[in-house]
Every structure is written in structure tokens, then in C-alpha cells.
Amino acid sequence: MILSCQNVSKAFGTEEILKKASFHVEENEKAAIVGINGAGKSTLLKILVGELSADEGEVTVAKNTSIGYLAQYQDVSAERTIYEEVLSAKADVIGMEEQIRSFEDQMKHCAGAELETLMERYHAFLQEFEEKGGYYYKSEVSSVLRGLGFEESEFDRKLSELSGGQKTRVSLAKLLVQKPDILLLDEPTNHLDLASITWLEGFLRGYRGAVILVSHDRYFLDRIVTKVIEVFMHQVRMYAGNYSEYSKKKAEIRAAQMKQYLNQQREIAHQEEVIAKLKSFNREKSIKRAESREKALEKIEVLEKPVEEHADMHITLEPNITSGKDVLAVEGLAKAFPGNPLFSGIDFEIKRGERVALIGNNGTGKTTMLKIITNSIPADAGTVRLGTNVHIGYYDQEQQLLSEEKTLFEEVQDAYPNLNNTQVRSVLAAFLFTGEEAVTKRVSELSGGERGRLSLAKLMLSEANFLILDEPTNHLDMVSKEILEQALNRYTGTVFFVSHDRYFINQTATRILDLTGQTIVNYIGNYDYYLEKQEELTRVYVTDRQNTNTQAVQAVVQSIQEDSGKTDWQEQKKQQAALRKKQNELKKTEEEIAHLEEEKELLEAEASDPAVATNSAHLFELHKKMTEIDEKLEVLYENWELLASDEALS
């Protein structure tokens, strides 16, 4: 065990953050800390690294263990270049190299015993120098910088010229080059494009040391971690496996807890009914039996109802009218900025009901393309045609469509003046803005996650049939992302979105457009399919594009995708049909439960009628019917839980 956290508690004033948090990490283990925004993940990291002190408990680190920490925000202000800053992480190796050169100079002027002694020290230094990677440390620095998205032409840029995101990447590079025994990384993928994230995954999987990650990138976590440390309601629980395994186990545990809770509640209600009925007989024996049951009931340890984070957050996306089959047609689209050509000759179409992801490295022009389609900026060439009855709803990752000076209430009411005060408050409450906060808090005071939720609220109200979303999961925690995924998968309109969130893409996209080499590569499937076909199709679309006419390219692409593409498409249709069937069964089960519960209430009301209480035969018949209803409800509740769980995992 390389790190242990025992009964750590932390509060800021009256706000409790962590309560007796305990977990451990083994040598070379890769672990994730997960939880909703504000759960205390970053606070826990700062306690582990010693930036914050715990109110109670202790953190124990194995002897002679080095720790490296990457915070979410970096302020690197040294007057070094990018390369010099990262190279400084190898100060010990550079010092050894200088000492070795010094030995070599000294040996030229020594002889005899002095030379022999110097040679021994020289060889000892050489061995340690080699063990520390001294012969390739410069190439290692360059490799890490390239892996994190820096071009060699940028290596000589001054740190003072860099953006916040670029500085964070430099700090991450420096940390990876240092190779501490424990890496603590807070949102390391925030400023990386897909290629850099993929590179970082490979680096961390092979890292000879322990890694503790805080990240909202579920695909990233799936490919790296073998343990998940969940911060939930101020407490910590450990799960073995990656994020998907954790998510499944958590859902199973919650379903089991909910079942136990519901069973106990039904049993308590049943016992209370029996007690009330026995007392109503008003006989000595029946009263004693009632008192006996009351004592037994008092001894029951009542289970708390399982809590679901963001359970009150509701996203319902539904168009007000149906668009034509042809939603969007792009032909010959081109755009360049001075000294920076983005793309040219772009052609693609989007049909009604598709959920299309636009992906690509940073700087390829994805957001620019969305802005052209939404008529925010002009294209240099080409045409964009919207189909019949297409109504666009646009989600801007920079949240420039929000008015800083307005309150949340004013932001929604001004955009949708037909809503009354109660309706505006209800919408805001659905996105976790409640009470006076919804009326008095200004947009300028919102965090990134809160801005995202407010923009989603306005998007929901738009009732658009064509959603264009630019990084919709940025700043959202995992639970909010999953709620959005479910809403988009239920949405009957059309979706075109840009995202770096591969898990989100995998869960929602029915097709992927990769903006690479200033052109578009089309993939008929989700992100897993894209990974499978990326190398082959990129070669056809990009490399062969210059030497092959468009029809020939399409013919090759069709032959590549024909079998797997059709199979994937058919499989998606089957999955969608199966999901709709489950949803219908779920709805039918809910209706049956409601009907039986209503019928039981009527029977209970009849049984409590004094006139019936004296009619034992009729009372027996009523109780018989209620027992039958209880048995049916038990089966229906179990079916509902299974169906509800299946839908949540679909």
C-alpha cells in the first residue's frame, strides 16, 4: 500500500464536505475519484497532497514516496520557453550529466590511484545516469510535449504568451517527465484534443507508479483505472473495476437498496394496518396482539430511502413540429482565417432522426462549422441548406447567448415571455435552480456547470426539431451528463453536435463526421466503430483524396463499410426497437400499479366503514381481495424495478 486515507473529515464553516472518508491505493494502481460537482473531489486531492489540512483523520504515504500534483488551474509565470520549463523537470539528470562531463575533464589530467578513484565514481555516476534515462531525456521531453499537442515549432514560445489551457498542458508535461511515485491529476483532459487524450491514456496505462485521477471523462477512466473511489453525500466508497463497472455495480446496489426499502415500507404499512384493525375490534385479546405487534415494529431499524444525486433534474427535449426528412445539406463548404486554412470542399447531409457527432483535433474548425450552419459567421465558399420546417436550437459552449447582467429568472422569462412566473420557476427547478436563488442570482455569478444547466433549460423550452450543440457536456458532472444522454436518446428530432467526450459520443451518436485533413470522413456508427475503422477510412478519404475522384472514393468507402456498417445500423435499429418495447412495458406496468393502488384504496376505505366492520364475511372478502392485490403489486414492483433499471442502462 502506497497511500492510505483514514477517517478524513473536512468542513468549510458549517458546510460539511467529507465525513470519515477512508480508502487506500496500492503501488502502480490506477484509481479514479468520482462524484458530482461540489462533492469534494478536488478538496480530497488537496488534502492528499497536503495543500489543505483535514479536520479529522490522517493521510499516510509510504516512506520515500514522491508525489506530483496537477491542479485544474495553473499559473506558470516563469520567463522560460515551453521546452525549458518541461526540461527543468530533469534538473537532477542534467546535473549528473554536467558532473560526468566534469569527471571526463578531470580524468584527462589524473593518473594512478587518483585516476582509479575518479574512474570508480565516474562509472557509478554513469550507471545511475543510465538508470534515470540520461541518454534519452531530451527526446523524452520532446515526445511528451508532442503527445500533449504541442508542435515542435511551439517549443520556443514563452510561457507568458500562453493561454490558461496551454499552461496547464505544460504543467502536465512537466509532471509526466518528472515521473513521481504517485501522480494526482485533477481534470487532466480538460484542455486536450482527442489525439492528445488518446496519447495520455497510453502513457498512464503504462506508467510505473500509482495514479489518482479526478475526471469527468468516462471513456478516459474506462481505459485507465482499475478502482473507483466515489464521493457521495460527504462519504467515500470504493469499487473495483473501471467506470462502466462502477456505474453498473452502483446501479445494482441502489436497486437492491430501493427494493429493501420498498419491501420494508410495505411491511411496516401492512403491520400498521393490522395493528389498527386489531385495535378496532376493541377486544382484550386483539388489543394485546396489537400491542405485541407495536413493540416488534418499534424494534425495526427503519431503512432510509436511497438518495439519487440530481434526482430532481429533468430534461425533456421534444420538438413542437416534425421537420422534413432532409434536415441539412452542406455543399462545397470552405473557411479560412489569415494564415490558417480550416477546411474546403466539405459535403455532407443529415436526415431527420439522426444524431451526428462532429469530431476532430483542436483548431480544425468544428465550432466554426457550427457557427456557419447557424448563420453566426459567413462561409468563404459553399452552401448550407436547411430542410422544410427545420427549427434550430443552438447550444453555445462559450455561453455567449446568456446575458451576464440578468437574473436566472429574467434570462428565461425574457427568452420565453409566454411563460408565467410559476412556469419559469418550475423550469428552473427542473435544472436544480430553486428558491430565491432562481429569482435573485445573476448569470455573471454562475459557475461553468450552472451556466451549462441554464443553457440546457432554454434549449428544452425552444421545442426545436434540430439541435446543434457545441460541447454540451463541458462543465457537467457525470450524473448530469447521463441525464442529458437519456434525454437525447429519447428525443425524436435531429441532433448535430461537437464533443470531445467520447463516452457521450458513444452513448448518443448514430453517425460520426471526423473533420481531419481539411475534409470530412464519414463513419456510420458510434465512437467504438470510429476507432475500429479510423485508420482505414482516413487513408481513403484524406490520403487518397488528392489522387482519386469523389465517386471512386465513395465506392471504396462503401466497400469498407458495406458489411460492418449495415450490421451496425441494423443492430442499432434492433436496440432502439428493444428499448421502445421496454419503455412501453415500463409505462404499462406503471399504469397497472396505479390502477391496483387506487383499487386497494377503495377497498381500504370500504373496510374502514363502521357498517362493514360488523360484517365479518364481507370484511373477510375485502381483506382477501386486498391480499390478492398486494401479491400482484409485489410482482409488478419487481418488474418495474427491472424495467426501470434496464432503461437506465440502455
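The crossing of α3 and α4 is left-handed, meaning that the near helix is turned anticlockwise from the far one by less than a right angle, clockwise being right-handed. I should say early that this is a predicted model, where local features need pLDDT of at least 70 and side-chain atom pairs count only at pLDDT 80 or more, while totals for chains, interfaces and linings use all residues. Residues are numbered from 1 along each chain as its sequence is written, and side-chain values use heavy atoms, with hydrogens and water left out.

Staying with this pair, helix α3 spans residues 91-107 and helix α4 residues 112-131, and they pack at about 155° with their axes 10 Å apart; helices here are DSSP runs of H or I with at least four residues, strands runs of E with at least two, numbered from the N terminus. Axes are lines fitted to C-alpha atoms, for helices over the stretch in contact, with angles from 0 to 180 degrees between N-to-C directions. The two helices are therefore roughly antiparallel, the word for angles over 145 degrees. Among the residues that meet, with heavy atoms within 4.5 Å, are Phe103 in α3 and Phe125 in α4.

Turning to the sheet, 6 strands form an open, mixed arrangement in the order β5-β6-β7-β3-β8-β9, where pairing requires at least two DSSP bridges between two strands. Its edges are β5 (67-70) and β9 (235-240), each pairing on one side only. Strand β5 runs parallel to β6 (residues 182-186), joined by 4 bridges, and Tyr69 has Leu184 in β6 as its bridge partner. Helix α1 (residues 41-49) packs on this sheet, and its direction makes about 150° with that of β6.

Definitions and conventions: Angles under 35 degrees count as roughly parallel, over 145 as roughly antiparallel, 65 to 115 as roughly perpendicular and the rest as oblique.
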